[in-house]
Amino acid sequence: MTATIKHYLQFSDLSADEYAYLLQRAARLKQKFKRYENHKSLTDHTLAMIFEKASTRTRVSFEAGMYQLGGSVVHLTTGDSQLGRSEPIEDSARVISRMVDLVMIRTYEQSKLEKFAEHSRVPVINGLTNEFHPCQILADIFTFIEHRGAIKGKTVAWVGDGNNMANTWLQAAQLLDFKLHVSAPRGYELDEKLALGSSADPAHFQTFANPLDACRGAHLVTTDVWTSMGYEEENAQRLAAFADWKVDQRMMAVAQPDALFMHCLPAHRGEEVDAEVIDGPQSVVWDEAENRMHVQKALMEYLMLGRRED
Ligand code: CP
Ligand code: NVA
C-alpha cells in the first residue's frame with residue numbers, strides 16, 4: 001500500500017523535471033503571498049511536524065505555509081510525545097499517518113526517517129537529518145535563481161563542514177547540472193558515497209585543500225555552522241579544526257564579482273563567517289530563510305495532492 005507514496009527524504013527523490021515544476025510553482029505562490037491573494041489549496045488537510053532537534057525557520061515556514069494554504073498543523077517534539085519514551089518509530093508512523101495527510105520530520109539518523117516513511121500511509125518530508133537537508137537546498141536554489149537566473153552550469157563553493165547541507169548540495173549539483181567546489185578541513189570532508197551512493201562525477205564536484213581556491217570564480221559562496229546539531233560534544237575540537245575555513249572578504253573577492261553569499265542559518269558571526277560578509281551586500285540569507293516557506297508550500301501541495309497545479 002505504501003509503495004506508491006511519494007516521499008521527500010533526500011534531494012535525489014525528485015527529478016529535474018519535478019524541480020523545474022516546483023521552482024516555478026513556488027515563484028507563483030510567492031507572488032500570490034506578496035499580493036495578499038488567498039490560495040487555499042490544502043483546506044481540510046493536516047500536516048504533522050515532528051521535531052527531535054531544535055528549529056526556528058523549519059517550524060515557522062512549514063506551519064505558516066500550511067495555514068496559508070488553508071490546512072492545519074500538529075506539532076510534536078520528543079519531549080512532549082511518546083517518541084521520547086521509546087515508542088517504536090514504526091508504531092508512531094502507523095498511528096500518526098492514519099490521522100494526517102503529510103508528515104515532516106526533523107531527526108538524527110536518516111535511517112530513522114526512512115523507517116518512519118516505510119510504515120507511513122502518507123508522504124513524509126525530511127525537515128533535516130544528520131545526513132541531509134533537502135528543503136533548505138531547494139530554497140537556496142530558488143533564491144539563487146531569483147537573484148541570478150538559471151543555476152545550470154554555475155559553480156557553488158561550499159566552505160567548511162562536509163555535513164548534511166554539503167551532502168545535499170552534492171545531490172543537487174548532480175541532478176541540476178551545476179558544479180560544487182568543496183573545501184573542508186581534513187577529517188570533515190564530504191562523503192560522496194553517502195550522498196550519491198557512488199563517486200561523484202568530476203564535472204559536478206571538485207575538492208580543494210585551500211578554501212580560497214574553492215571560492216575562485218564561484219557564482220555562490222556558502223557555508224554553515226562548524227558544529228551541527230547532535231555533534232555538540234565535538235565543539236571545542238571543531239572550533240580549532242575549522243579556524244581557517246571562516247568565509248571572509250578575501251574569499252568573496254576571488255569569487256565572481258556578482259557572487260552571492262548564502263548560509264542556511266542560524267549563523268555564528270566571527271566563526272564560520274565574518275559579519276561583513278553575512279551582513280554585506282552579497283548576502284541573501286534573509287531571502288533564503290523566507291523562501292523556505294514558498295518552496296515548501298509548493299512541495300506540500302505536490303506531495304499531498306499528488307498532482308501539478310496551474
Ligand atoms: N535553516 C534551518 O533549517 O533553520 P532552523 O534550524 O531554524 O529550522
Ligand atoms: N548543519 C546544521 C544545519 C542547521 C539548520 C545542523 O544540522 O545543525
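**Exercise 1. Is Thr 43 buried or exposed, and why?**

*Solution.* Before starting, note that this is a predicted model, in which local features need pLDDT of at least 70 and side-chain atom pairs count only at pLDDT 80 or more, while totals for chains, interfaces and linings use all residues. Residues are numbered from 1 along each chain as its sequence is written, and chains are lettered from A and ligands numbered from 1 in the order in which they are written.

Step 1: recall the cut-offs, by which a residue is buried if 20 or more other C-beta atoms lie within 10 Å of its own, exposed if 12 or fewer, and partly exposed in between, with C-beta atoms placed from the backbone.
Step 2: apply them to Thr 43, which is exposed because 9 other C-beta atoms lie within 10 Å.
Step 3: place the residue, which is found in the loop between helix 1 (16-34) and strand 1; helices (H or I, at least four residues) and strands (E, at least two) are DSSP runs, numbered from the N terminus.
Step 4: look for its partners, where contact means that C-beta atoms, placed from the backbone, lie within 7 Å; not counting residues up to four places away in sequence, Thr 43 touches Gly 70 and Gly 71.

**Exercise 2. Describe the surroundings of strand 1 (residues 46-51).**

*Solution.* Step 1: check how far the strand is covered, and find that five of its six residues are buried.
Step 2: identify its pairing, bearing in mind that two strands pair if DSSP finds at least two bridges between them. Strand 1 runs parallel to strand 2 (residues 72-77), joined by six bridges, and it also pairs in the parallel sense with strand 3 (residues 102-106), over five bridges.
Step 3: follow single residues, starting with Leu 47, which stands opposite Val 73 in strand 2 and opposite Leu 102 in strand 3. Ala 48, in turn, stands opposite Val 74 in strand 2.

**Exercise 3. In what order do the five strands of the open sheet lie?**

*Solution.* Step 1: read the order, which is 7-6-5-8-9, with parallel pairing.
Step 2: find the edges, namely strand 7 (205-207) and strand 9 (260-263), each of which pairs on one side only.
Step 3: examine one pair, strand 5 (residues 155-159) and strand 8 (residues 220-223), which are joined in the parallel sense by three bridges, with Val 156 opposite Leu 220 in strand 8.

**Exercise 4. Which residues surround ligand 2?**

*Solution.* Step 1: list the residues whose C-beta atom, placed from the backbone, lies within 6 Å of the ligand: Leu 128, Asn 163, Asn 164, Met 165, Asp 224, Val 225, Ser 228, Met 229 and Cys 264.
Step 2: sort them, counting Ala, Val, Leu, Ile, Met, Phe, Trp, Tyr, Cys and Pro as nonpolar, Asp, Glu, Lys and Arg as charged, and the others, Gly among them, as polar. This shell divides into five nonpolar, three polar and one charged.

**Exercise 5. Locate the backbone exceptions.**

*Solution.* Step 1: keep the background in mind, since most residues other than glycine have a negative phi, and most peptide bonds are trans.
Step 2: consider Tyr 36, whose phi is positive, near 60°, and which is found in the loop between helix 1 and strand 1.
Step 3: consider Ser 86, which has a positive phi of about 60° and lies in the loop between strand 2 and helix 3 (89-96).
Step 4: turn to the peptide bond from Leu 265 to Pro 266, which is cis, with omega near 5°.

Conventions
Contact = placed C-beta atoms within 7 Å.
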